[in-house]
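Q: Please take a close look at one part of this model, the pairing of strands. Then describe how the surroundings of that part are built, in one connected account.

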Amino acid sequence: MNDRKPPRISGPLEITELGAQGDGIAEVAGERVYVPFALPGEKVEVEITERRGEGWSAQLIDTVTVSPLRIAAPCPHFGVCGGCMLQHLDRAAYRDWKRGLVVKAMQQRGIEIPADTRFVETPPNTRRRASFAAKRAGGALLFGFHAPESQEIVPIATCHVLTPSLTAQLPLLRSLADLALGTGQTATVTATETETGLDVLIESPQPLERRRALTDAASKAPIARLSWQQGRGEPEPLAQHAVPKVNFAGISVDLPAGAFLQPSGAGEAALAEAVTGFAAGAKSIADLYAGCGTFTFPLAKVGKVAAFETSKPAVAAVMAATNHSGLSGRVTAQSRNLDSSPVSPEELRPFDCVVFDPPRAGAKSQSEILVRARLKRAVAVSCNPASFARDARILIDGGFRLKDMVIVDQFVWSAHVEIVAAFRR
């Protein structure tokens with residue numbers, strides 16, 4: 001048990017750098033103190049709140065000296081809502097910090113990123129998908145985003161990350177959560193804008209008690225579909241006016257409830273452009289962790305594609321879209337848990353390029369197999385610089401060379417960043 005006492009603070013702390021989560025970092029008595037919303041060069045008064053790894057978390061009380069990098073945050077909820085951490089940072093410094101997240105993770109594995117690595121920005125107000133927290137407490141419903149490093153729910157009236165049309169649906173989403181939750185119940189409400197309307201999924205660890213009221217309201221609401229999911233169970237459609245559809249490279253795909261989708265159309269387009277560019281010239285491509293076909297269908301314009309994905313509903317959606325669009329001779333898909341059952345070197349023999357886009361944990365097992373295969377090209381997509389750097393090290397040690405890279409800032413003002421990289425033997 002760690003019973004160390006917090007360091008004694010006798011005056012303002014000087015912030016020396018930004019951490020990986022966007023916190024300002026100061027050092028006191030040889031220990032790091034993480035201060036959300038503080039910037040390098042500032043002197044701040046803080047109150048230490050709790051232990052954090054080998055350091056301490058602190059609450060910003062006052063900014064004694066203001067950094068020249070500080071700008072006015074556009075959102076009135078900034079600093080209270082935990083959705084954004086860096087709206088107050090100068091744009092050029094923000095870009096340098098985001099790029100630095102990737103550079104630092106790679107350097108820790110002894111890898112230098114290509115000098116011509118591109119940084120692609122996606123604009124604010126383009127996020128088409130978001131998850132909101134909901135809780136009924138004392139008869140009242142709390143609905144919004146979590147506060148920084150807290151389970152407290154902050155109600156929001158506007159958002160500079162979401163599309164204006166999704167922000168306009170906040171009252172409707174709140175009303176559906178209000179109907180769904182009984183006393184003491186909690187839920188996550190995920191809303192996705194699709195080509196045929198809003199797709200809403202309410203997830204809760206508790207059973208749905210007010211089914212009739214929620215179903216009746218959903219049947220009259222201007223949404224494409226409302227689904228309910230309890231715990232780890234399968235989503236259950238409660239009302240559907242239209243099948244939620246998304247478009248990948250001109251191919252219309254029916255979106256399964258709860259399926260993965262890139263959070264912004266602009267970010268998805270930037271990633272798909274990089275992936276297809278790096279795969280150019282390939283005749284046969286394996287698309288691993290394919291989801292509903294985010295890259296499968298753009299890659300089908302390059303060569304024949306075999307998609308591998310854990311989710312059976314996602315695989316069914318890819319195959320249905322393939323058949324409807326006349327691509328049955330060009331695209332195949334199969335359900336495969338790539339973490340427990342990676343695609344083997346023998347199975348990879350027909351392909352001259354592999355694209356893989358794993359969850360945040362990365363693709364360690366699959367990367368170890370890729371180096372044993374006869375592949376000459378691999379394209380890696382990642383939302384986690386640390387796991388990406390680990391997998392890149394495996395590929396490089398196995399005979400690949402990091403040839404090209406694109407960094408995509410899809411999660412604006414947050415600590416998340418997307419990476420697409422091309423590897424060649």
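A: Two strands count as paired here if DSSP finds at least two bridges between them. The model is a predicted one.

A case to begin with is strand S3 (residues 24-28) and strand S4 (residues 31-35), which are joined by 5 bridges and run antiparallel. Within this pairing, Ala26 has Val33 of S4 standing opposite. Strands of a sheet pair through backbone hydrogen bonds, and the sense can be parallel or antiparallel. S3 and S4 belong to an open sheet of 6 strands, whose order is S1-S5-S6-S4-S3-S2 and whose pairing is mixed. At its edges stand strand S1 (13-14) and strand S2 (17-18), each of which pairs on one side only. A side-chain contact can be added for Tyr34: Arg52 lies over the face of its ring, 4.1 Å from the ring centre.

Another open sheet is made of 7 strands in the order S10-S9-S8-S11-S12-S13-S14, again with mixed pairing. Its edges are strand S10 (153-155) and strand S14 (236-240); each has a single partner strand, so one side of each has no neighbour in the sheet. On average, and with direction ignored, neighbouring strands of this sheet are turned by 35° against each other.

Strand S13 shows both senses of pairing. S12 and S13 run parallel and are joined by 6 bridges, with Arg225 in S13 as the bridge partner of Asp199. Towards the edge, S13 (residues 225-230) pairs with S14 in the antiparallel sense over 4 bridges, and here Ser227 stands opposite Pro237 in S14. Of the 6 residues of S13, 5 are buried, so this strand is largely enclosed by the rest of the structure.

What lies across this sheet? Helix H3 (residues 170-180) lies across S8, S9, strand S11 (186-194), strand S12 (197-204) and S13, and runs at about 130° to S9. Helix H4 (residues 211-220) lies across S12, S13 and S14, and runs at about 45° to S14. S12 and S13 are thus among the strands crossed by H3 and among those crossed by H4.

The sheet also carries ring contacts. A pair of aromatic rings is described by the distance of the centres and the angle of the planes. The search of the whole structure finds 4 aromatic pairs. In one of them Phe132 and Phe145 are stacked, at 5.0 Å centre to centre and with 20° between the planes. Phe132 lies in strand S8 (residues 129-137) and Phe145 in strand S9 (residues 140-146), so this pair ties together parts 13 residues apart in sequence. Phe132 and Phe145 are both buried.

A further pair joins Phe388 and Phe423: the ring centres are 6.4 Å apart and the planes stand at 50°, so the pair is tilted. Since Phe388 lies in helix H10 (residues 385-397) and Phe423 in strand S23 (residues 418-424), the pair ties together parts that are 35 residues apart in sequence. Phe388 and Phe423 are buried as well. Back at S8 and S9, ring pairs link Phe132, Phe143 and Phe145 into a cluster.

Two loop residues deserve a check of the backbone. Tyr289 has a positive phi of about 60° although it is not a glycine. Its place is in the loop between strand S17 (284-288) and helix H6 (296-299). Tyr289 counts as buried because its relative accessibility is 11%, under the 20% cut-off. Trp413, also not a glycine, has a positive phi of about 65°. Trp413 lies in the loop between strand S22 (401-409) and S23. With a relative accessibility of 9%, Trp413 counts as buried.

As for the whole chain, there are 10 helices and 23 strands. The radius of gyration is 23 Å, close to the 22 Å that the globule rule gives for 425 residues, so the chain is as compact as a globular protein of that length. Along the principal axes, the C-alpha trace spans about 70 × 60 × 40 Å. Of the 425 residues, 52% count as buried. Among contacts with a separation of 6 or more, 62% come from residues 24 or more positions apart.

Terms used. Residues numbered from 1 in each chain as written. Predicted model: local features only at pLDDT ≥ 70, side-chain atom pairs only at ≥ 80, totals over all residues. Heavy atoms only, no water. Phe/Tyr/Trp six-rings, centres within 6.5 Å; stacked < 30°, edge-to-face > 60°. Buried < 20%, exposed > 50% of the residue type's maximum accessible area, 1.4 Å probe, protein only. Lys NZ or Arg CZ within 6 Å of the ring centre and 35° of its normal. Axes fitted to C-alpha atoms, helices over the stretch in contact; angles between N-to-C directions. Contact = heavy atoms within 4.5 Å. Rg over C-alpha atoms; globule rule 2.2 N^0.38 Å.
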